[in-house]
Amino acid sequence: MTIDFKMNVAQEPSENAPFFFDDAKTKAESRRALSPFDVVQQWGVEGPLVHEPTGISKLDELTGGGPVYGSRWYWLGAPDAGKTAELVQIADIFARRGVVVGYLAVDEEPTDIATRLAQRAKFTRADCEMRDASILQEMGDALKDLPMRLYGPEWTIEDAAADLDAYAKTLGTSDAPRKVALFIDSVQQVSCVATTMAEREVSPREIVSANVRAIRSVATSYRLIAMATSEMNRAAYRSVEAAEQSNDMAAGKESGAIEFSARVMLSLRSVKGEKDVSAIRIVKNKHGASGDEIHRRIDRRRMTIESTEAPEQPEAEEMRDARGMKNLASDAAKLVALLLEHPEGLGVNRVRAELKVKYGSFSKDRVADAMAKLGAAVVQAKASNGCAAPLSLDGRAVPADVLKLLSAADRAKIAWARPTEGE
């Protein structure tokens, strides 16, 4: 018995989407339970799983060879983390390998994607902007053989997939069909048939959930690789501490459907202190282990990305020490500014009181530490009657790191600050 498992895209079951399937009978007829035997039979019809290497060697190794045809990968990341750059590079690699590639771009226009491809073909961004006829001829020659289609926001996920499948059939034969991959940027911004036909306003969460279902449907129906970007929710990237504490599995903006549908899910973050380095974390991996991290360095001029060693980061203790030293220098600068306001000098108790008034809280220990930081710059001479003389400032001895924290006006005064004479 031969079973036809090809699913009609228009009949894709839509869970939790009342704006799409209002007719219960239609919804019921669009689904069918399968037995384990049916699934095994389906494997026979589909043939062996085929992986397509991304060119990121560690990622390919951990996923058994790259994405599988008929599956979905999602790249989650904050703005400017490098999601589009990674997708364009993989799309270019696939196309030059002979895979028929579609790129549905909404976050960036098709012209932006073409510019990135031209940069990867050794042309400059200036070449794409100046558009000299002779350069354009060379650029066209370099890109014309790429089996790639660029789709703008007027295309739905289903329409782009259908067009791409038809285009692939013109390039291949029934005996040697061409492999197909659809890249989507991003799942929050593209549209699908369900949302465009909705009879009421659809929420952002419903849009993402519907788009995720559409991506799964076209990947299954056309046996294509679907690779999409997703924005991270703000809680996942608003600070380094939040990023470390957040659960990457739940970082997809607007909808948890991304987490459940993804065969492989990756999070992409910039590395602190490294402008051109990002870290890919393997959050979910149906083909192997997850949790690994891969560091990538981008050449923005050529739009190429290569794997690199993890940049050395200060140890937590060193970072705490650095923060402590910075806070100490800041306290010392506050003490200097106060003494500059009182060239006649201030008693220790008055110093503590003035700092507390100015800054809300300033303990005895903080004052003592600030004085120790300033060292010889704070002078306290003995009065002739044996009493402690006021504190005064010797501007010549103020440490350089404290000087940098002073206002321009205080730096101008400090050269003239001299300690008061004892009585």
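Which residue does the side chain of Glu 52 meet in a salt bridge? The partner is Lys 179, with 2.9 Å from N to O. A salt bridge is defined here as a side-chain nitrogen of Lys or Arg within 4 Å of a carboxyl oxygen of Asp or Glu.

The structure is a predicted model, in which local features need pLDDT of at least 70 and side-chain atom pairs count only at pLDDT 80 or more, while totals for chains, interfaces and linings use all residues. Residues are numbered from 1 along each chain as its sequence is written, and side-chain values use heavy atoms, with hydrogens and water left out.

**Salt bridges**

Across the whole structure, a search finds 20 salt bridges. In the pair Glu 52 and Lys 179, Glu 52 lies in the loop between helix H2 (36-46) and helix H3 (57-62), and Lys 179 in the loop between helix H8 (157-171) and strand E4 (180-185), so the pair ties together parts that are 127 residues apart in sequence. Helices (H or I, at least four residues) and strands (E, at least two) are DSSP runs, numbered from the N terminus.

Another pair is Arg 96 and Asp 92, which are 4 residues apart in helix H4 (residues 83-96) and thus separated by about one helical turn. Three of the bridges are listed below.

| Pair | Closest N to O | Citation |
|---|---|---|
| Glu 52 and Lys 179 | 2.9 Å | |
| Arg 96 and Asp 92 | 3.0 Å | |
| Arg 396 and Asp 394 | 2.9 Å | |

Salt bridges that share partners also join Glu 52, Arg 97 and Lys 179 into one network.

The partners can be described by relative accessible area: buried means under 20%, exposed over 50%, and partly exposed in between (1.4 Å probe, protein chains only). Glu 52 is buried at 2%, whereas Lys 179 is partly exposed at 38%. Asp 92 is buried at 2%, and Arg 96 is partly exposed at 48%. Asp 394 is buried at 11%, while Arg 396 is exposed at 58%.

**Nonpolar cores**

A nonpolar core is a set of buried Ala, Val, Leu, Ile, Met, Phe, Trp, Tyr and Cys residues joined through side-chain atoms within 4.5 Å. The largest has 33 residues, and Tyr 74, Ile 157, Ile 184, Ile 215 and Ile 258 have the most contacts inside it. Helix H10 (204-222) is one of the elements that supply at least two residues of this core, and H10 gives the most, with 7 residues.

Contact means heavy atoms within 4.5 Å. Leaving aside neighbours within four places in sequence, Ile 215 is in contact with residues including Tyr 74, Ile 157 and Ile 184.
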